[in-house]
Amino acid sequence: MKVVLTGGTGFLGSALAESLARDGHDVIAISRHAGGTYKGVRHVTMPGGFAEVDGADAVVNLAGAGIADSRWTPARKAVLRSSRINVTKAVVDACSGAAVKPKVLLSGSAVGIYGSSLDERFDESSPSGHDFLAQLCADWENAARAAEPLGVRVVLIRTGLVLGPNGGLLKKMAPPFKMFVGGPVGSGRQWMSWVHLDDWIGMMRLAISNAAIRGPMNIVSPSPVTNRDFSHALGRSLHRPSMMPLPEFAVRLMFGEMADGALLASQRVEPTVAEAAGYTFKYRNVQDALDSIYS
């Protein structure tokens, strides 16, 4: 199988690319970096690399600047939008121009599309929210849907908080715990829809192979937890206390709009599509997932 990825050098993209390459698939990562082959993944530079979409069995579009890397200034918001939507449009254009069109396009999104609620449960049929992140995700998904009239099956990958070594949520959240100053963020009541990296890869591969899956797909564990419970579980895995909460006013002071849009946001999300397709989770319990990373 030939699989072409954008965002293939990031935390998630590289893990998926290497998993596919280990199983003998032809994996090509399109990026702005120099070409070459690393861990079985062939890297090509954009824009010329988009020609690889022709004849691909699957295209996985994960490109996008980090949501929580810096404050959401107007300039940063523009980067967050352009790095996602412009690349997605380029991918769809490549699909349109391909003599042999890909069978499936998996295009990135996030559970942030649902907005924030302490009480609601969200599944793939839930409406979009109205804040900046929700609108960004909705526009990102709409850009990908433009491949559907071309005869390409489109799966919209609504990723939750991915737990894995060397990146993702834990790269930012674990250091304070290791320095004995970790604890809940804000009230700690907000829901965190997490997923272990192994299960993220598993569900992505399911979406590639299962022709019945199309449209939105939540990539999360079936067992979301509150931020307070997550903090306690992380403390136990690291053998550190989790008694130093970061007050909401301090979060807002440090991060501005991003505080409410991402850090204090609450999403209790269910992986309805994945479970209906028969996916078996390796990690359903957050303590088991964290222990597997830090044991």
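Strands here are DSSP runs of E at least two residues long, numbered from the N terminus. By that count, Arg158 sits in strand 7, which covers residues 153-159. Keep in mind as you look around that this is a predicted model.

Let's stay with Arg158 for a moment. Its relative accessibility is 5%, so it counts as buried, the cut-off being under 20%. What surrounds it? Setting aside residues up to four places away in sequence, Arg158 touches Ser109, Ala110, Val111, Ile113 and Tyr114, two glutamates, Glu124 and Glu141, and then Pro216, Met217, Asn218 and Ile219.

Now swing over to helix 1, residues 11-22. This helix has twelve residues and runs 17 Å from first C-alpha to last, close to the 16 Å you'd expect at 1.5 Å a residue. Its buried residues are Gly13, Ala15, Leu16, Ala17, Glu18, Ser19, Leu20 and Ala21. So what covers them? The cover includes strand 1 (2-6), strand 2 (26-31), strand 3 (36-38), strand 4 (41-45) and strand 5 (58-61), along with helix 5 (197-209). Past the end of helix 1 you come to Gly24, which has a positive phi, near 90 degrees.

Helix 1 also helps line a pocket, the second largest, with a volume of about 170 Å³. Its lining is made up of Phe11, Ser14, Ala15, Glu18, Arg22, Pro165, Asn166, Leu197 and Ile201. Helix 1 gives the largest share, five residues, and helix 5 is on the list of elements supplying at least two. In character, the lining splits into five nonpolar, two polar and two charged residues.

One of those lining residues, Asn166, is worth a second look for its backbone. Most residues other than glycine have a negative phi, and most peptide bonds are trans. Asn166 isn't a glycine, yet its phi is positive, about 70 degrees. You'll find Asn166 in the loop between strand 8 (161-163) and helix 4 (168-178). Is Asn166 buried or exposed? With a relative accessible area of 77%, Asn166 is exposed.

Lys39 is another non-glycine residue with a positive phi, near 50 degrees. Lys39 lies in the loop between strand 3 and strand 4. Its relative accessible area is 52%, so Lys39 counts as exposed, the threshold being over 50%. A little further along, in the loop between strand 4 and strand 5, you reach Pro47. The peptide bond joining Met46 and Pro47 is cis, with omega about 5 degrees.

Finally, the cysteines. How many disulfides does the structure hold? Zero. Cys95 is buried, with a relative accessible area of 0%, and Cys137 is buried too, at 2%. Cys95 has its place in helix 2, residues 74-97. Leaving out neighbours within four places in sequence, Cys95 is in contact with Val53, Lys101, Pro102 and Leu150. If you follow the chain ten residues from Cys95 you get to Leu105, and the C-alpha atoms of those two residues are 9.1 Å apart.

Key
Residues are numbered from 1 along each chain as its sequence is written. This is a predicted model: local features need pLDDT of at least 70, side-chain atom pairs count only at pLDDT 80 or more; totals for chains, interfaces and linings use all residues. Side-chain values use heavy atoms; hydrogens and water are left out. Helices (H or I, at least four residues) and strands (E, at least two) are DSSP runs, numbered from the N terminus. The expected span of a helix is 1.5 Å times one less than its number of residues. Buried means under 20% relative accessible area, exposed over 50%, partly exposed in between (1.4 Å probe, protein chains only). Contact means heavy atoms within 4.5 Å. On a 1 Å grid over the protein atoms alone, a cavity is a set of points where a 1.4 Å probe fits but cannot get out, and a pocket is an open set with protein on both sides within 12 Å along at least five of seven lines; lining residues have an atom within 4 Å of a point. Grid points are joined across faces, edges and corners, and a volume is the space filled by probe spheres set on the points. Ala, Val, Leu, Ile, Met, Phe, Trp, Tyr, Cys and Pro count as nonpolar, Asp, Glu, Lys and Arg as charged, and the others, Gly among them, as polar. A disulfide is a pair of cysteine sulfur atoms within 2.5 Å.
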